[in-house]
Amino acid sequence: MRAAVLGAGNWGTAFAKVLTDAGTETVLWARRPELAEAVNQRHCNPDYLEGIELPGALRATTDPTEAMSGADLVVFAIPSQTLRENLGGWAGQLPPQASLVSLMKGIELGTVMRMSEVISQVAKALPERVAVVSGPNLAREIAMQQPTATTVACTDLARAESVQQACSTGYFRPYTNTDVIGTELGGAVKNVIALACGMAVGMGFGDNTVASLITRGLAETARLGSALGADPLTFAGLAGLGDLVATCASPLSRNRTFGHRLGRGETLEQAQQATHGQIAEGVKSCRSILDLADRHGVDVPIVREVSAVCAGESDPRTAVRALMSRSIKSE
Ligand SMILES: NC(=O)c1ccc[n+]([C@@H]2O[C@H](COP(=O)([O-])OP(=O)(O)OC[C@H]3O[C@@H](n4cnc5c(N)ncnc54)[C@H](O)[C@@H]3O)[C@@H](O)[C@H]2O)c1
Ligand SMILES: O=P(O)(O)OC[C@H](O)CO
């Protein structure tokens, strides 16, 4: 099995390590030559995973054609809102039979498409050729080989199983699933709920508030999921509750950290600068998830409030007041 991983940030690099450790011959595409050189010569990625030793067998290149040559799997690990443009440049070089694997957790602004839908459309690939990997997968913990599970979803179960095989190691345990919609939605919406949890902690609130947000956040994710045709059970699994809990609780999460900064009074610009160019997907996807929910007539109050804060139209304290003054209802 041979894989190309396109995107040498936190997760692309950690997942390339997982694939290599699983015995899959892997080439990582990086935008910058100095980063490719660090992977090839010093077996590290100091910009994203400082202190982590990468496998000697992992190779990197700045040439996407070289990375994809002969690949059985092409894995996408770039910011969601850049996928369409990047993939437009790569589509002509995709090996015709390769499985196309999304690691991304976002919804495209404007089109409100899931990442697997963007891949199918731009690569002109049938949906059953596209798999999604999503779960409680904080990149640094996985790069440190801490035991972690994940979901590999594909409408073609055999293809999901081949991706599962390619990334199974002693520290990374993938489960298969055929519910691509639920798996992707869980990954995208949890980023927005993690922004809300970060804001709550930044404002000085404790575990009751965070648990309330996680639980009601899961309720709105499941409501939207069922309107879109997802299997409700997916939201009780790794790509649903699992990822939601990990992201909302972890100081390693860029989304939670971004929200935390807003909650303690920093501006959107300050929080953005503090990411050092790394992606906090929920900051943009909150808008597209809200649009998606509005199109389907689904009530997503937490997403709506986070979206207003991220658009600069509200602030965390106003958002709390709005959520707590909604009409009372049954659970
Ligand atoms: N970091 C994690 O723990 C983690 C875990 C699971 C899923 N994800 C998801 O994986 C995706 C990638 O996340 P990441 O953590 O690797 O992101 P990152 O910000 O660490 O890295 C993004 C990579 O994409 C590249 N890139 C290519 N085109 C770009 C462009 N036009 N603009 C900006 N960057 C561009 C960057 O050079 C960089 O190598 C996201 O959708 C994220 O939600 C991340
Ligand atoms: O750092 P975040 O907030 O993008 O979250 C990382 C992963 O998605 C956790 O599973």
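The legends below describe close-up views of a predicted model.

**View 1. The two domains of the protein chain.**
The chain is divided into domain 1, residues 2-178, and domain 2, residues 187-324. Between the C-alpha centres of domain 1 and domain 2 the distance is 25 Å. Contacts across the boundary involve 21 residues of domain 1 and 25 residues of domain 2. On the side of domain 1 that touches domain 2, strand 7 (148-153) and strand 8 (172-177) are the elements that give two or more residues. Strand 7 has the largest share of that side, with 3 residues. Sorted by class, the side of domain 1 that touches domain 2 has 8 nonpolar, 10 polar and 3 charged residues.

**View 2. The annotated N-terminal region.**
An unreviewed UniProt entry carries the annotation "domain: Glycerol-3-phosphate dehydrogenase NAD-dependent N-terminal" for residues 4-158. Over residues 4-158, helix makes up 33% of the chain and strand 19%. The C-alpha atoms at the two ends of this stretch are 20 Å apart.

**View 3. The surroundings of ligand 1.**
The shell around ligand 1 has 24 residues, and those that come nearest are G9, N10, T82, M104 and A139. Helix 1, which spans residues 10-21, gives the most to this shell, with 3 residues. By class, the shell around ligand 1 has 11 nonpolar, 10 polar and 3 charged residues. Ligand 1 lies between domain 1 (2-178) and domain 2 (187-324), because both domains give residues to its shell.

**View 4. The surroundings of ligand 2.**
Ligand 2 is surrounded by 13 residues, of which N137, T247, S253, R254 and N255 are the closest. Two or more residues of this shell come from each of helix 8 (180-202), helix 10 (238-249) and helix 11 (254-263). Helix 10 gives the most, with 3 residues. The classes in the shell around ligand 2 are 4 nonpolar, 5 polar and 4 charged residues. Where does ligand 2 lie with respect to domain 1 and domain 2? Both domains give residues to the shell, so ligand 2 lies between them.

**View 5. Positions annotated as a binding site.**
In an unreviewed UniProt entry, the annotation "binding site" covers K105, G135, K190, D243, S253, R254 and N255. One of these positions, D243, is found in helix 10. D243 has 27 other C-beta atoms within 10 Å, and is therefore buried. Apart from neighbours within four places in sequence, D243 is in contact with S134, G135, P136, G186, G187, K190 and L238. G135 and K190, which D243 contacts, are also covered by the "binding site" annotation.

**View 6. R254 in its setting.**
R254 has its place in helix 11 and is among the residues covered by the UniProt "binding site" annotation. Is R254 buried or exposed? R254 counts as buried because it has 25 C-beta neighbours inside 10 Å. Residues up to four places away in sequence left aside, R254 touches T275, Q278, I279 and A280. R254 is also one of the residues closest to ligand 2.

**View 7. Helix 11 and the helices around it.**
In helix 11, 10 of the 10 residues are buried, so the rest of the structure largely encloses this helix. The buried residues are R254, N255, R256, T257, F258, G259, H260, R261, L262 and G263. They pack against helix 8, helix 10, helix 12 (268-273), helix 13 (282-295), helix 14 (301-310) and helix 15 (316-324). After helix 11 comes G265, which has a positive phi, near 105°.

**View 8. Two nonpolar cores.**
The largest nonpolar core has 62 residues, and A4, V74 and V75 touch the most other members. Helix 1 supplies the largest share of this core, 6 residues. V75 is in contact with A3, A4, V5, L6, F15, V101 and L103, its neighbours within four places in sequence left aside. A second core of 41 residues is separate, and its members include I193, C197, A200 and A293.

Note on methods:
Residues numbered from 1 in each chain as written. Chains lettered and ligands numbered in written order. Predicted model: local features only at pLDDT ≥ 70, side-chain atom pairs only at ≥ 80, totals over all residues. Near = placed C-beta within 6 Å. Helix = DSSP H or I, 4+ residues; strand = E, 2+ residues; numbered from the N terminus. Nonpolar A, V, L, I, M, F, W, Y, C, P; charged D, E, K, R; others polar. Domains from an automatic or database assignment. Buried ≥ 20, exposed ≤ 12 C-beta atoms within 10 Å, placed from the backbone. Contact = placed C-beta atoms within 7 Å. UniProt positions renumbered as here; feature names shortened; annotations may be inferred. Core = buried A, V, L, I, M, F, W, Y, C linked by C-beta atoms within 7 Å.
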